[in-house]
Amino acid sequence: MAKVAIMGFGVVGSGVWEVLTKNASSIAKRAGEEISVKYILDIRDFPDHPAKDLMIKDFDIILNDPEISIVVETIGGLEPAYTYTKKLLLNGKHVVTSNKELVAKHGPELLKIAKENNINYFFEASVGGGIPIIRPLQNCLAGNQITEIAGILNGTTNYILTQMKKYSLSFEDALKEAQERGYAERNPSNDIEGHDACRKIAILSSIAYSHYVNYENIYTEGISKITKEDMEYAEELGCTIKLIAMSKKIDDKRVFARVSPLMIPYKSPFANVDDVFNAILVKGDAIGDVMFYGQGAGKLPTASAVVGDIIDIVKHIDKSYVYTWAISGDIEVVDIENTSCRFFVRVKYKDYSKAKDAVSLIFNDCMIVNTHKPIGTNEFAFVTHEMKENEFKEKISQFEKIPVVEKILSIVRYDENI
Ligand code: HSE
């Protein structure tokens, strides 16, 4: 029988216990032996929980128990998760986690320790919740040169944007709803400012391009400035707005990566990925496009991925997987300023025709958005042609200084080809 410890009994940790308990017999058949939870580590008490007898507060009990071969880390955040994980790996215990923050920051070091100790550090649940994506990238698609990954990688922001679009809600009201439903992280800024999606695209890119992609170098912009008026303009353009995390391999030494709200056409495969669902598109030179879709957050979907990792370890208890990005150094993330895209701009004007003339003069062949319904007073919008980010910055600062322009109301990147 394989004995497991769970560290952190929050949403995901309790989900892992639930799945291991509920599906115990089918899991035992698939793993080749029974898997039972021996300890649950948490600083809180759960006196009414059916697993109350497994609760402990002392990490060293897990670390020093030779019966424990696999530990689930669902504490989240960097500390104490980092210290505990490192000690466990150094002590020869396999670790399975859903903690994208830890994997994105310390993945190379922890994977290296795991390799040196002939054990595993698995993190299928760290990206896409229940969607299998880490293993497909690492194994099934390993024969490809992966050139590009794009995805809706954060369930909370996707839920918020869906509510804004479907029910014309403001960002604040939609966020409140997401929090009431328990989707948002402890600190909602991780979700809404794009940091969660940033860590996830960094992990996927590291696997896909076989080099560590440092999330700290990825340009990241969240959805907190998106308004319901932006959504209405998007509709006029036959588009919707999604938080898209993407990366592209430029050459063996450089990648482009960005997390930002993006205005995308209805025909895009991402346009109808709604609510808490995630979708990930991977481009490979042999497979072409392949898309992964499913519930990207939530207790049981995420627990499903954790339990899959546990079973894999039990089946191959003496085998250590090697993740090449842990040992082959970093790959450079190119500066966003030198990359190109189109921009949607909403403007409040003092004089409509003069402001429109200024758009043509400064941005050349722009698409002016004609709205069929009045969205705001004294405002219009336009979409630029493709230009470098630094060129756009220069032009927009020139434009907003013109006296007939009262204010730039919003700027959203626009991509009709995604
Ligand atoms: N807060 C995350 C999300 C949880 O909304 O996607 C899953 O990583």
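Tyrosine 352 is partly exposed in this predicted model, because its relative accessibility of 33% lies between the 20% below which a residue counts as buried and the 50% above which a residue counts as exposed. Tyrosine 349 has a relative accessible area of 16%, which is under 20%, and therefore counts as buried. Both residues belong to one aromatic cluster, which is made up of Phe343, Tyr349, Tyr352, Phe363, Phe380, Phe382, Phe392 and Phe399.

**Aromatic rings**

A pair of aromatic rings is described by two values, the distance of the centres and the angle of the planes. The count for this model comes to 18 aromatic pairs. One of them is formed by tyrosine 121 and phenylalanine 123, with centres 6.1 Å apart and planes at 50°. That angle is neither under 30 degrees nor over 60, so the pair is tilted. Tyrosine 121 and phenylalanine 123 are both buried. Tyrosine 349 and tyrosine 352 also form a tilted aromatic pair, with 5.2 Å from centre to centre and 50° between the planes.

Rings can also be described together with a charged group. The charged end of arginine 135 sits over the ring of phenylalanine 122, at 5.0 Å from the ring centre. The charged end of lysine 319 lies over the ring of tyrosine 321, and here the distance to the centre is 4.2 Å.

**Two helices in contact**

How do helix α2 and helix α12 pack? Helix α2 covers residues 24-31 and helix α12 covers residues 299-315; their axes are 9 Å apart and make an angle of about 40°. An angle of this value is not under 35 degrees and does not fall within 65 to 115, so α2 is oblique to α12. On the α2 side the contact is made by Ile27, Arg30 and Ala31, and on the α12 side by Val307, Ile311, Val314 and Lys315. Sorted by class, the contact has 5 nonpolar residues, 2 charged residues and no polar ones.

Alanine 28 is also in helix α2. The relative accessibility of alanine 28 is 15%, and a value under 20% means that the residue counts as buried. Not counting residues up to four places away in sequence, alanine 28 touches Glu33 and Glu34.

**Valine 103 and glycine 143**

Valine 103 is located in helix α5, which runs over residues 100-116. Is valine 103 buried or exposed? Its relative accessible area is 0%, so valine 103 is buried. With neighbours within four places in sequence left aside, the contacts of valine 103 are Thr97, Tyr121, Phe123, Ile203 and Trp325. Tyr121 and Phe123 in this list are the two residues of the tilted pair with centres 6.1 Å apart.

Glycine 143 is found in a loop, between α6 (134-140) and β7 (146-152). The relative accessibility of glycine 143 is 71%, which is over 50%, so this residue counts as exposed.

Separation along the chain and separation in space are two ways to describe a pair of residues. The table gives both for three pairs, with the distance taken from C-alpha to C-alpha.

| Pair | Apart in sequence | Apart in space |
|---|---|---|
| Valine 103 and leucine 78 | 25 residues | 9.3 Å |
| Glycine 143 and aspartate 285 | 142 residues | 9.0 Å |
| Alanine 28 and leucine 262 | 234 residues | 44 Å |

**Backbone details in loops**

Which bond joins glutamate 79 and proline 80? The two residues are joined by a cis peptide bond, with omega about 10°. Proline 80 is in the loop between β4 (68-73) and α4 (81-90).

Asparagine 118 is not a glycine, yet has a positive phi of about 55°. This residue is in the loop between α5 and β6 (121-122). Asparagine 118 has a relative accessible area of 43%, so it counts as partly exposed.

Aspartate 275, a residue other than glycine, also has a positive phi, with a value near 55°. Aspartate 275 is in the loop between β10 (254-265) and β11 (277-284). Its relative accessibility is 27%, and therefore aspartate 275 counts as partly exposed.

Notes
Residues numbered from 1 in each chain as written. Predicted model: local features only at pLDDT ≥ 70, side-chain atom pairs only at ≥ 80, totals over all residues. Heavy atoms only, no water. Phe/Tyr/Trp six-rings, centres within 6.5 Å; stacked < 30°, edge-to-face > 60°. Buried < 20%, exposed > 50% of the residue type's maximum accessible area, 1.4 Å probe, protein only. Lys NZ or Arg CZ within 6 Å of the ring centre and 35° of its normal. Axes fitted to C-alpha atoms, helices over the stretch in contact; angles between N-to-C directions. Helix = DSSP H or I, 4+ residues; strand = E, 2+ residues; numbered from the N terminus. Parallel < 35°, antiparallel > 145°, perpendicular 65-115°, else oblique. Contact = heavy atoms within 4.5 Å. Nonpolar A, V, L, I, M, F, W, Y, C, P; charged D, E, K, R; others polar.
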